[in-house]
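Dear colleague,

Please find below the structure that I promised to hand over. My notes on it follow directly after, and I would be glad if you read them with the model open.

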Amino acid sequence: MRIGILNSGGDCPGLNAVIHGVVGAAHQLGWEVIGFRDGFEGLLPPGDFRILTPTDTIGILKLGGTILGCTNKGHFAAKVGSGDVAEVPKEIIDRAKATLDRLEIGALVVVGGDGSLTTALQLYRAGWPVVGVPKTIDNDLCATAMTFGFDSAVTTVVDGLDRLNTTAESHKRVMVLEVMGRHAGWIALWGGIAGGASVILIPEIPFDLEKVAAFIRQRDAQGHHASLVVVAEGAKMPDEGIVTLAGNCGGEVRLGGIGERVAKRLQELTGKETRATTLGHLQRGGSPTSFDRILGMRFGVMAVKLCEEKQFGRMVSYQAYHVDSVLIEEAVNQLRLVEPDSELVLAAKAVGICMGD
Ligand code: F6P
């Protein structure tokens, strides 16, 4: 048996851990693993790939990025915006299938987020033996309690907040940190709580900056002159909506700039010196945390098990400390968003964090 693996979409800490898990488990079964470069693009004839042996994966567990390369653009993009799905042209699917047939690939492991797994589902429905592995720092995929990469991103946010707090305390300033999270506020919420933010603004909870300013003024009056504000890139500025940058990422608009807008308005409303920092791709870079290394490795091993059992059309899933699988279509039907009345949000409010509502 020979199986293929590709990393699709944006890079994410833990991708190499998945490769490590797939190659290790496949080798135990006496299988050969072919790694396709740059996501699905590597499938286009003549095929851009490399054979992956256990020797090739020595030391990669701790590396960020991916030794295979990845892309969220190209011929296979199935997402054209939030909730929109584009059909991958049949001609492209047929050309890529010719590569799989020529290389006698018996199963293909697709590691990706919502968009890439939407593509994977189309390929499965076209008759391909596909298994999915959920990847995104945003942690917004349905049917899995967690994606790998999220824990590493949150760790970077917490480190950023710890550093910003130094200036906030020394200068009695408000420091605003813009973090990733297109549709979901998981990174902002987890990072903000763990990093000691006073205010957390997320896409799922409409916010009022007058209320945030009143909250900061009240803190000031109580002697807490420093405030950390975390805002997700996909949160909506009151009366303006989502703040975007020029260009696009994988067919979707590029987000960015809300941190500066929030900081400017809060300075006007509070009279306090307020500064904004955008964490950007620092959240996707660097070494994965130990949790993501282990989760990624387990996901890779489970993906090989699904291939062995010919359970195609399924996606590896993390459920209550246990790695299992679900149908890919359960994962891509809708995004997993923060529930405004969930226990986590209520806990944040209970310890005095302002969510802007
Ligand atoms: O989906 C993951 C993500 O990191 C989003 O949070 C962000 O909006 C997007 O990718 C950025 O993509 P790119 O690197 O293509 O700009």
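Helix H7 has 13 residues and spans 18 Å from its first C-alpha to its last, close to the 18 Å expected at 1.5 Å a residue, where the expected span is 1.5 Å times one less than the number of residues. Helices (H or I, at least four residues) and strands (E, at least two) are DSSP runs, numbered from the N terminus. Please bear in mind that this is a predicted model, in which local features need pLDDT of at least 70 and side-chain atom pairs count only at pLDDT 80 or more, while totals for chains, interfaces and linings use all residues. Residues are numbered from 1 along each chain as its sequence is written, and side-chain values use heavy atoms, with hydrogens and water left out.

Within H7, the residues Ile258, Gly259, Val262, Ala263, Leu266, Leu269 and Thr270 are buried, buried meaning under 20% relative accessible area, exposed over 50% and partly exposed in between (1.4 Å probe, protein chains only). Seen down the axis of H7, these buried residues fall within an arc of 135°, so they line one face of the helix; the arc is that of the directions from the helix axis to the C-beta atoms. The face of H7 turned away from the buried side carries the exposed residues Glu260 and Lys264. The buried residues of H7 pack against E8, E9, helix H6 (209-221), E10 and E13, contact meaning heavy atoms within 4.5 Å. After H7 comes Gly271, with a positive phi near 75°.

The sheet beside this helix is open and has four strands in the order E9-E10-E8-E13, with parallel pairing; two strands pair if DSSP finds at least two bridges between them. Strand E9 (199-201) and strand E13 (274-278) stand at the edges, each with a single partner strand, so one side of each is left without a neighbour in the sheet. From one strand to the next the twist averages 15°, with axes fitted as lines to C-alpha atoms (for helices over the stretch in contact) and angles running from 0 to 180 degrees between N-to-C directions. Three bridges pair E9 with strand E10 (residues 227-232) in the parallel sense, and Leu201 stands opposite Val231 in E10. Helix H5 (residues 186-194) packs on the sheet, touching strand E8 (174-179), E9 and E10, and its direction makes about 175° with that of E9. H7 (residues 258-270) also packs on the sheet, where it touches E8, E9, E10 and E13, and its direction makes about 170° with that of E13.

A second sheet, also open, has seven strands in the order E3-E2-E1-E6-E7-E14-E15, with mixed pairing. Its edge strands are E3 and strand E15 (322-327), each of which pairs on one side only, and the twist averages 30° from one strand to the next. E1 and E6 run parallel and are joined by five bridges, with Ile3 opposite Ala107 in E6.

Helix H1 (residues 15-28) is mostly covered, since 10 of its 14 residues are buried, and Gly30, which follows H1, has a positive phi near 80°.

Finally, the protein is divided into domain 1 (2-148 + 288-331) and domain 2 (152-284), with bounds that come from an automatic or database domain assignment. The contact between them takes 18 residues from domain 1 and 18 residues from domain 2.

With best wishes
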